[in-house]
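Subject: Structure handover and notes

Hello,

Please find the structure below, with the sequence. My notes on it follow.

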Amino acid sequence: MLLVGHELALGEIGTRLDKQSTGSLKRPAGAANFNGKARSTVEILAPAGLEVKRVVLVGCGRAAQNEPLDWMRIGGAAWAQALQRASDTVSLVADDEAITPAAVARMAEGAVLRAYNFRKYKSRKATEENGDNGQSKPPSALVVHCPDPTAAEAAFAQRSAVAEGVYLARDLVNEPANALGPVEFAERLAGLGVQGLDVEVLDLEQLSALKMGALLAVGQGSAREGRVVVMQWNGAKGRSKAKAPLCFIGKGVVFDTGGISMKPAAGMEDMKGDMGGAACVSGLMLGLARRKANVNAIGLVGLVENMPSGTATRPGDIVTSMSGQTIEILNTDAEGRLVLADVLWYAQERFKPRLMVDLATLTGAIMVALGKEHAGLFANNDKLARELEEAGIATGERVWRMPLLPAYDKLIDSKNADMKNIGGRFGGAITAAQFLQRFVRDSTTPWAHLDVAGTAMDSNRDEVNQSWASGWGVRLLDEMVAAHYE
Ligand code: BES
Ligand code: MN
Ligand code: ZN
């Protein structure tokens, strides 16, 4: 493959190849109206004078103007082309000066993210059978030819660390709930200790001792015990060493049947992904550790299964959360907020964080409001909200800010307890966020909530993701950390 810039601009190698083949690269490309536009491609078969079966030209547009995300998308588009052809190793020539080592690293990152698939439960592996195109097995390597491979490799090491985090998040979300209960999830995370993370698993006894009555109420119908996992990355160097940590908190409902307020059967299988927030936090922490980020960050995930049974919470039950506030559970399907309430509180009590971001596949209502192009963002702090919005634009993991107001908060007041866990017909994503805000202990602690119900799973496929589980948010939060907290 050969990277081609705006108006068929070629680098040194490309120019040489085109000459050697007496113009049989540029000429047919021009005839096909290929202009080098970013992500456009054209295939030249058996070019004269060259000993290759084919050259695929991949457009990169005006290279000097491309943002990191543009390069990722180009890399993803290149990999998509590679997949369609029977070739074990694919070479990508990217030798134009405007293509910096950072750009090369981003293209490789895009290709790696595009290459993800979840074939674990397919008896016949990709190596034995046809690839996703039905014609050939996928290539085993992408070799990029660029002017400064050493610098490109160093840049890619950083990007590859983040991509590993995205892979972990996708794997966790794709995994079916019979294989990934709270205990198995916690074990997977405990295994991340080797990456330099300090991982603690809180078991049922410890959660009871901590009086996490809201989280425990969600898990009590399941035959499988709940867990809370705390992952610490203490990577800050020098003066920032003493700074309070950033806390990332994830909803990890390994399966959400709705409980006694049971969900309809159609589509319920998707609720294996109701731990997308927890998966993102896990992937983020892995990425920070793998790239040795200069930051102190803590990931906390609340892992439970929401099941109906003789021991399940009933509608109308009143529980006491770790904060001491009482909650009337009017709908057992509004469980995510109960889990987060206690994990948020625990994070603040124990770590006095500099800021908190929680992620949750919290409401269907956020998809009604925003579709699947943006996650819902709720925040008590404009600066934090802006940082997330900017990181969203940079990574393509976009967020859209939604309102918080006392008038919405009133909707979750309860006759019988301090609050109820549903707010009525309207503004469902907002009342869920208001509920969470009641567990932000100190209103001066910057806090943001991301409702990722529309983006963590079955989101729109794009150049860098073709998987049901997107791993959404790993790159967003990594970017936020890198841009403002390292
Ligand atoms: N996990 C669901 C939200 C969800 C729905 C995520 C679809 C992804 C796709 C959440 O626990 C839930 O059931 N929310 C209810 C809240 C309602 C009972 C107030 C919802 O959105 O219907
Ligand atoms: Mn639910
Ligand atoms: Zn749920």
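A residue is called buried if its relative accessible area is under 20%, exposed if over 50%, and partly exposed in between, with a 1.4 Å probe and protein chains only. Strands (E, at least two residues) and helices (H or I, at least four) are DSSP runs, numbered from the N terminus. With these terms, strand β1 can be described: Leu-2 and Val-4 point one way from it, Leu-3 and Gly-5 point the other way, and all are buried. In a regular strand, side chains alternate between the two faces of the sheet.

Before the rest, some conventions. This is a predicted model, in which local features need pLDDT of at least 70 and side-chain atom pairs count only at pLDDT 80 or more, while totals for chains, interfaces and linings use all residues. Residues are numbered from 1 along each chain as its sequence is written, chains are lettered from A and ligands numbered from 1 in the order in which they are written, and side-chain values use heavy atoms, with hydrogens and water left out.

The strands

Two strands pair if DSSP finds at least two bridges between them. Strand β1 (residues 2–5) is joined to β3 by four bridges, and the two run parallel. Leu-2 stands opposite Leu-57 in β3, and Gly-5 has Gly-61 of β3 as its bridge partner. Strand β2 (residues 41–45) is joined to β3 by five bridges, but this pair runs antiparallel. Here Leu-45 is partnered by Arg-54 in β3. As for β3 itself (residues 54–61), seven of its eight residues are buried.

Further along the chain is an open sheet of three strands, in the order β10-β11-β15 and with mixed pairing. β10 (317–320) and β15 (419–420) are at the edges with a single partner strand each, so one side of each has no neighbour in the sheet. β10 and β11 run antiparallel and are joined by four bridges; one of the pairs is Val-319 with Ile-327 in β11.

The two metal ions

Donors are N, O and S atoms within 2.8 Å of the metal (3.2 Å for Na, K and Ca); water is not among the atoms, so sites may look incomplete. The manganese ion (ligand 2) is coordinated at 2.0 to 2.2 Å by Asp-256 (OD), Asp-333 (O), Asp-333 (OD) and Glu-335 (OE). Along the chain, these donors have the spacing D-x76-D-x1-E. Asp-256 is in strand β8 (residues 246–256) and Glu-335 is in the loop between β11 (326–329) and α10 (336–351), so the pair ties together parts 79 residues apart in sequence.

The zinc ion (ligand 3) has as protein donors Lys-251 (NZ), Asp-256 (OD), Asp-274 (OD) and Glu-335 (OE), at 2.0 to 2.4 Å. The spacing of its donor residues is K-x4-D-x17-D-x60-E. Asp-274, in the loop between β8 and α9 (276–290), and Glu-335, in the loop between β11 and α10, are 61 residues apart and link distant parts of the chain.

How far apart are the two ions, and which residue coordinates both? The distance is 3.1 Å, and the residue is Asp-256.

For geometry, four donors count as tetrahedral if all angles lie between 85 and 135 degrees; four count as square planar and six as octahedral if opposite donors are over 155 degrees apart and all others between 65 and 115; anything else is irregular. The six donor atoms of the zinc ion (ligand 3) subtend angles of 77 to 175 degrees, and the site is octahedral. Around the manganese ion (ligand 2), the six donor atoms give angles of 71 to 166 degrees, which makes that arrangement irregular.

Asp-256 is buried because its relative accessibility is 3%. Asp-274, at 2%, is buried too, as is Glu-335 at 1%.

Polar contacts

A polar contact is a pair of N or O atoms within 3.5 Å; within protein, one must be able to donate a hydrogen and the other to accept it, and residues adjacent in sequence count only if both atoms are side-chain atoms. An oxygen atom of ligand 1 is 2.8 Å from a side-chain N or O atom of Asp-333. Another such pair is a nitrogen atom of ligand 1 and a polar backbone atom of Thr-361, at 3.3 Å.

Ser-222 is in the loop between α8 (213–219) and β7 (227–234). Its relative accessibility is 11%, so Ser-222 counts as buried. The Ser-222 side chain is 2.9 Å from the backbone nitrogen of Arg-224 and makes a polar contact of 2.7 Å with the side chain of Glu-305.

Regards
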